[in-house]
Amino acid sequence: MALRVVADFDLRKDVLPWLRAQRAALAAGAGAPGGGAGIFENNYESLRVLNVERNGNIIYTYKDNKGNVFFGLYDCQIRQNEHLYTFEKDLQVVSGSVNSERTLLAASLVQTTKEGRKNELQPGSKCLTLLVEIHPVNNVKVLKAVDSYIWVQFLYPHVDSHPLPENHLLLISEEKYIEQFHIQVIQEDGNKVKSRSILKCIQFYANENFNLMFEAPLDISLSDSGFKLVNFGCDDLQDQEKLSKYLTLCVFTNHTGSLCVCYSPKFDSWEQITYSVFYFHKGHSKTFTAALRSADSHVTQGITFLNLDYYVAVYLPGHFFHLLNIQHPDLICHSLFSTGNNEVIDMLPHSPLQSLSGSLVLDWSSGKLYRAFLNQSYLLEFLWNTRLDWEKIAVLHCVLSCGRDPQFLEAKIIHWVSENISTCHSFDLIQEFIIASSYWSIYPETSNWDKLLPYSSVLTWTTEIPGITLVTEEIALPLMKVHSFQGYWEKLNFHLEYVKYSKPPLHYNNSVVRREWHRLISEEKTGKRRSRVYVRNILDNAIKVISNLEARSLEPRLTPLFQEEDNPQRLLVGLMVSELKDHLLRHLQGVEKKKIEQMALDYVSKLLDLICQVLETSWRKHNLHPWVLHFDRQVSVAEFAVFHTMTRILEATNSLFLPLPPGFHTLHVILGVRCLPLHNLLHYIDNGVLLLTETAVTRLMEDLDNTEKNEKLKFSIIVRLPPLIGQKICRLWDHPMSSNIISRNHVKRLLQNYKKQPQSSRIDKSSFSIEFLPLNYFIETLTDLESSSQALYAFEGHDNVDATFVEEAALRHTMTLLGL
């Protein structure tokens, strides 16, 4: 024969003996006399091959004498049989297929129409297409229930070593259409089927039209959840007590364009509970696992999710209360996690609650309707009592988001900040308050601009929060199905576009301001400044900010700020306004320029106002008076406290390069001179903590007499001054040491470009009163330099400092050194 065939598989030889052995073992275990061979002989006709998969494995089926449908698999590689699944229903198999991992079985079955028998799976349909999770949990999902035959087939990867990330299943109908299902299998205590759920949003209109607004995939399993209405009220048809023990699913939106899906699966542990929040407007999900108080503390109710505008509350009666920040969920420290027995946990009813629109909450067991909102007074009290850094930063943002009576609120928080400046170790409390409060002062009015302004000074958080574990995953963004947006949809689409295209984030920072400010200060020192119009515009911005601050102040300030020009700080204030305005103009389209300019002014004004308020609170608390600005008074403990507060303010603003109110450095230096020993004072100056200003040093020279201690202080200060300021200050101090410094500076300027010229070796001694040749030669050289017209022009206006002045200063200094 030209063609020869060899049997590779024989149903009678390779399967039937194994089936008989299985039945015999089962019968023997049940105590039945004899074996089960007769049973199988009677049903032999029903045993048949159903499918041969791509890898060569063979799917077969048979029906026992009770009508149960048996599915088995023969592995062609190891030549062994495996039981897949048994349907305990009288069904006729049309088609079947198993995935390559042998975790999923797809089967198409026709219902038997015996009289008196009723199929409970799907009455009224001819053909059922089912997806069965065969390992480790036997879940069944109906894929199709139609009146036409369906054939099923899993698609296998071309190369076994490169498995597909998800299972692909084809459904072929006799009505000539094909559907493809994508089924994900995740590792969760073994392989577990997770079918893809789709979130669809449909908007209905008054003209009876409707639109599918978007579709978004949800990585959660809803196959065994039954039917549960969300935001449709409650009725007696649903067993609420039973439903509360199963999964919880809520969809929340708010006026800012956020979209959150909160999901809690059926809990199966008394030690911990897991829930997930899909932040679709941020492009990621977070899965939280919360440890319960004790293993013997049974959970009698399910998790309740409450929509609280900028937050979502997650509440498990008697166990925990979490406030999740949905506007800025990136860092766990911006959300509050409260556990154990405390007032936060016990303030809500211990019965299932349903969140409705507008922050309404229904307790359907008692018939009470609540309006939920954050308790500002309680949160302020919580802020004072907590000792944990992550709770401080979370509650601070919760309180600021309340927005009710902001001036009263800020006063309370500033009082707390002033009492707790040194108690936070994970973040800078002053920094966080200034940035967060400035953000919340602008955000409610301009919610679309929140991504352009910094929300927090904390950029990373690595400290673990006890009792909470967190897993963050990227998720697919909702696919918008419309192209024209209004209202909420416009804001949601703005969020989605930002997630797609804005990397890195667009939050404003002062890096450009830092470079430009240093450049302007350098130009000022060298006398080479750019366009006067440019600098005048910057200083005009500063004038507008200071006018804003004066308008905000409801009562006179006690702190002596804004009483001097302080050009460096005015430049910094004006630059920040200019750069912030440019930043907003670059990224905001269609917003009026005047509105953006006003927002930039308001934001910088708010920053400075908060700094002033923190200092003002400390000043009032310690009851300081204007006489602290004089150096001839005894220092007090209160001045030490205010100096410490100002130092912490300076540290907070320096790292973010924020402007300070004009006069701040002068006040800081004066308090530093009064409070610190000389060696500490000089250390602060040399390390840039204290910045010497002309106003502060002038007052120092005028107020202090020339005792030995004060002379040492004055000299130590003068030699650390910038040259331009030092020249002015030395003329205020009538002292040989000051004359010596002036003379040195004068000589340095004269000799800076001096080239030695050949001259007579004889010196006319008649012109000198002292016969000291080195000095005489030096003075003659200076006199010649001063006589040149160029030198006279260069040093015009230097208070008649000349060679004679230098000679007298040198002689006085020599006499002092010799003790004459």
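## Strand 19 and its hairpin

Let's start with strand 19, where Thr304, Leu306 and Leu308 point one way while Phe305 and Asn307 point the other way, and all of them are buried. The strand as a whole is mostly covered, with five of its five residues buried. This is a predicted model, so local features are described where pLDDT is at least 70.

Strand 19 runs antiparallel to strand 20, and five bridges join the two. One of the partners is easy to find: threonine 304 has tyrosine 315 of strand 20 as its bridge partner. Two residues lie between strand 19 and strand 20, which form a hairpin, and in its turn aspartate 309 has a positive phi of about 70°.

## The four-stranded sheet

The hairpin belongs to something wider. An open sheet of four strands, in the order 19-20-21-22, is paired in antiparallel fashion. Its edge strands are strand 19 (304-308) and strand 22 (336-339), each of which pairs on one side only. On average, neighbouring strands of this sheet are turned by 15° against each other, direction ignored.

Further into the sheet, strand 20 (residues 311-316) meets strand 21 (residues 320-325) in the antiparallel sense, over six bridges. Here tyrosine 315 turns up again, standing opposite phenylalanine 321 in strand 21.

## The sheet of strands 13, 14 and 27

Another open sheet is built from three strands in the order 13-14-27, with antiparallel pairing. Strand 13 (197-204) and strand 27 (479-480) are its edge strands, and each pairs on one side only.

Eight bridges link strand 13 with strand 14 (residues 210-218) in the antiparallel sense. If you would like a pair to look up, isoleucine 202 has leucine 212 in strand 14 as its bridge partner.

## Strand 9, a two-faced strand

In a regular strand the side chains alternate between the two faces of the sheet. Strand 9 (residues 150-155) shows this nicely: Ile150, Val152 and Phe154 point to one face and are buried, whereas Trp151, Gln153 and Leu155 point to the other and are not.

Its partner is strand 10 (residues 167-173), paired with strand 9 in the antiparallel sense over six bridges. Valine 152, on the buried face of strand 9, has leucine 171 of strand 10 as its bridge partner.

## Helices 10 and 12

Helix 12 (residues 567-587) has 21 residues, which at 1.5 Å a residue should span 30 Å; the end C-alpha atoms are 31 Å apart, so the two values agree. Helix 12 is also mostly covered, as 16 of its 21 residues are buried.

Helix 10 (residues 511-526) holds glutamate 516. This glutamate 516 counts as buried because its relative accessibility is 9%, and buried means under 20%. Glutamate 516 and leucine 571 are 55 residues apart in sequence, yet their C-alpha atoms are 9.8 Å apart in space.

## Cavities

What does a search of the whole structure find at 30 Å³ or more? There are three cavities of that volume or above. The second largest cavity has a volume of about 40 Å³.

The lining of this second largest cavity is made by Tyr279, Lys286, Phe288, Pro329, Asp330, Leu331, Ile332, Ser335, Phe337 and Leu470. By class, the lining residues divide into seven nonpolar, one polar and two charged.

Key: Residues are numbered from 1 along each chain as its sequence is written. This is a predicted model: local features need pLDDT of at least 70, side-chain atom pairs count only at pLDDT 80 or more; totals for chains, interfaces and linings use all residues. Side-chain values use heavy atoms; hydrogens and water are left out. The expected span of a helix is 1.5 Å times one less than its number of residues. Buried means under 20% relative accessible area, exposed over 50%, partly exposed in between (1.4 Å probe, protein chains only). Two strands pair if DSSP finds at least two bridges between them. Axes are lines fitted to C-alpha atoms, for helices over the stretch in contact, and angles run from 0 to 180 degrees between N-to-C directions. On a 1 Å grid over the protein atoms alone, a cavity is a set of points where a 1.4 Å probe fits but cannot get out, and a pocket is an open set with protein on both sides within 12 Å along at least five of seven lines; lining residues have an atom within 4 Å of a point. Grid points are joined across faces, edges and corners, and a volume is the space filled by probe spheres set on the points. Ala, Val, Leu, Ile, Met, Phe, Trp, Tyr, Cys and Pro count as nonpolar, Asp, Glu, Lys and Arg as charged, and the others, Gly among them, as polar.
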